[in-house]
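Could you walk me through this protein, stop by stop? I work at the bench and would like a friendly guide to what sits where.

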Amino acid sequence: MATPERVRSFEPSEWDDFFVQHDPKLPEIFEEKMRVKADKLKEDINLLFNNTMVEQLTLLDALQRLGIDHLFQEQINTVINEIYESESNSSSLYEVALRFCLLREHGLWISPDVFNKFKGEDGSFNKDITNEPRGLLSLYNAAYLSVNGESELDEAMAFARHHLESMSGSLKYPLSEQVKRSLEIPLPRTLSRVDAPYYIEEYKQEKACNPYVLELAKLEFNLLQRLHQQELKDFCRWGNDLYEEVGLSYSRHRTVEIYLWCYTIHYEKQYAHARIILAKICVLISLLDDTFDMQATLEEGRKINEAIQRWDESAIPILPVYLKKYYVKLMNIFRELEDELKQDHKYRMVYSRKAIQTLCRHYQQESEWFHSNYIPSFQDHIKNSVISTGAPATFVTSLIGMGDEVTEETFQWAIGCTDAVKACSEVARFMNDMTAFQHGKNKLDAASSVDSYINQHHVTGEVAMAAVGKLVEDAWKTTNQARFDRRAMLLPLERIIRLTKSMTLMYRGNINLYTFTSGNKDKIQQQFIEPIPL
């Protein structure tokens, strides 16, 4: 049997040395004035948490969508518990759906029966709510927080989508834009930090707009952007040096894109260390991934896997020459990152190492299948490929620099790849494979989960895509369920949910935007180059 050849080229980075050279001129004294102003605004906004329930709901929604809820976490936790314990007799679809949405997002169970008041005796929604676009949008987004077995929310989603699509051409700004974005990516699957620049523009047009909240959102976005710009400058230097030193010319040079991906998990100031640890290890994972996908022969892959399992310099002699420098850097970077951690946090690097060793074993299994031209069963494919997405290893690594709020129990849950972690991996795998299938499969690509489904069930690509798409929705429902089951660890859970949400950013328009990077150029400019006008 002939051994398949590998495709050996990726498009170059869009960014080269842009962020190394980028130096936005902002006097330090002006930046300090922004911080002082932001601190004063936080004090003013603190007073707003004592308002009526409807005003509290509106405030919490705005803080989340503007990407500044992390500044008020303690107050939000207090208010959300008060809202949960209070009766709501509202007859407004918008208010009922918003309350439902916020409570579920914070891990507090609320029954979909709250929507029964908007239904007739036959169980279908009343026609009069079809004249409430704001309420319909709120219902539509709330339905995306369903768990398995909630068919009534699936029906609510279809009902709301149908009527929103039919009225989308007649809506006025800003509601028209919010409907348009939600129909593409529902709000519960949207990364608030990435969406913030759009919502800042829209929020000032809303009746409930609070000028203090709006101004803080602008200042906080710009202040954090300054931090991210400096990080990107340093990280790009580090990444460029690493790529040059290891000399793996076949790999994707994606320093900026990797930073963007890690930033979607940790954008807050207090998680700067966690963000950089994750980004550095993700570069190492990306190089390993490309080695298996683009370069290594079957025998070389086996040697790489053996060396990664041994995780010791004594394994260097068994490696092909072109990988020796990479392996040395892998060992050294892990030691350097461990040295940066507090003594009682050093154990965390062991979990990241174990996750990468597991990842490598699954890369090797894919290599064995590829080199023997074998298409595994759909079940065998998924069992292997949910790990080979790299999502479990990425999540485990994202926890390393998070501080004392993360315990060893959290790492044990993360590396076990159950519930929300497995669901994230499934969303990543299926969205990747669906994108590749729609984009057009290269004849030298390894078989995807869609190919395995077609091969096993003898169905068309259209049928396979529908089946895999259904599994994406099931995985999201598992993620939603984890908010209730894992509420005690809601902070780290939020990281895996953000990683899941990031798949909607990286797989858009039938394109893998990590490999084909030009599609995210606008997002990178918006997040890291263009400040919000004050």
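Let's begin at S352, a residue of helix α15, which spans residues 348-371. Keep in mind along the way that this is a predicted model. S352 has a relative accessibility of 0%, so it counts as buried. Leaving aside residues up to four places away in sequence, S352 touches I281, F334, V396, T397 and I400. One of these neighbours deserves a second look: the side chains of S352 and T397 are joined by a polar contact of 2.9 Å.

Following that contact across takes us to T397, which is found in helix α17. T397 is at 1% relative accessibility and therefore counts as buried. With residues up to four places away in sequence again set aside, T397 touches S352 along with I277, L278 and I281. I281 thus turns up twice, since it is touched by S352 and by T397, and both of those residues are buried because their relative accessibility lies under 20%. For a sense of distance, take T397 and K342: they are 55 residues apart along the chain, and their C-alpha atoms are separated by 16 Å.

Next comes helix α16, made up of residues 378-388. Eight of its 11 residues are buried, so α16 is largely enclosed by the rest of the structure. The buried ones are F378, H381, I382, N384, S385, V386, I387 and S388. What do these buried residues of α16 pack against? Their partners are α15, α17 (391-398), α19 (419-439), α20 (449-457) and α21 (461-485). Two of those names are familiar by now: α15 holds S352, and α17 holds T397. After α16 comes G390, which has a positive phi, near 90°.

G390 brings us to backbone geometry, and a few other spots are worth finding on your screen. W311 has a positive phi too, near 50°, and W311 is a residue other than glycine. You will find W311 in the loop between α13 (298-310) and α14 (321-340). Is W311 buried or exposed? Its relative accessible area is 15%, so W311 is buried. H458 is another residue other than glycine with a positive phi, here near 55°. H458 sits in the loop between α20 and α21, two of the helices that the buried residues of α16 pack against. H458 has a relative accessibility of 70%, and therefore counts as exposed.

The peptide bond from Y173 to P174 offers another kind of backbone feature: it is cis, with omega near 10°. P174 belongs to the loop between α7 (151-167) and α8 (175-184).

One more loop residue is V114, placed between α5 (93-105) and α6 (133-143). V114 counts as partly exposed because its relative accessibility is 25%. Apart from residues up to four places away in sequence, V114 touches V96 and F100. V114 and N89 are 25 residues apart in sequence, while their C-alpha atoms are 9.8 Å apart in space.

Now for the empty space inside. How many cavities of 30 Å³ or more does a search of the whole structure find? The search finds one, and the largest cavity has a volume of about 30 Å³. Its lining consists of S13, W15, D16, C236, N240, H253, T255, V256 and E257. By class, that lining has four polar, three nonpolar and two charged residues. Helices α10 (211-246) and α11 (255-265) each supply at least two of the lining residues, and the largest share, three residues, comes from α11.

One of the lining residues, C236, leads us to the cysteines. The structure holds zero disulfides. C236 is in none, and its nearest cysteine sulfur, that of C262, lies 12 Å away. C236 has a relative accessible area of 2%, so it is buried. For C424, the closest cysteine sulfur is in C417, at 8.8 Å, which is too far for a bond. C424 also counts as buried, because its relative accessibility is 0%.

Technical notes:
Residues numbered from 1 in each chain as written. Predicted model: local features only at pLDDT ≥ 70, side-chain atom pairs only at ≥ 80, totals over all residues. Heavy atoms only, no water. Helix = DSSP H or I, 4+ residues; strand = E, 2+ residues; numbered from the N terminus. Buried < 20%, exposed > 50% of the residue type's maximum accessible area, 1.4 Å probe, protein only. Polar contact = N/O pair within 3.5 Å; in protein donor to acceptor, adjacent residues only side chain to side chain. Contact = heavy atoms within 4.5 Å. 1 Å grid on protein atoms, 1.4 Å probe; cavity = no way out; pocket = protein on both sides within 12 Å on 5 of 7 lines; lining within 4 Å. Points joined across faces, edges and corners; volume = space filled by probe spheres on them. Nonpolar A, V, L, I, M, F, W, Y, C, P; charged D, E, K, R; others polar. Disulfide = S-S within 2.5 Å.
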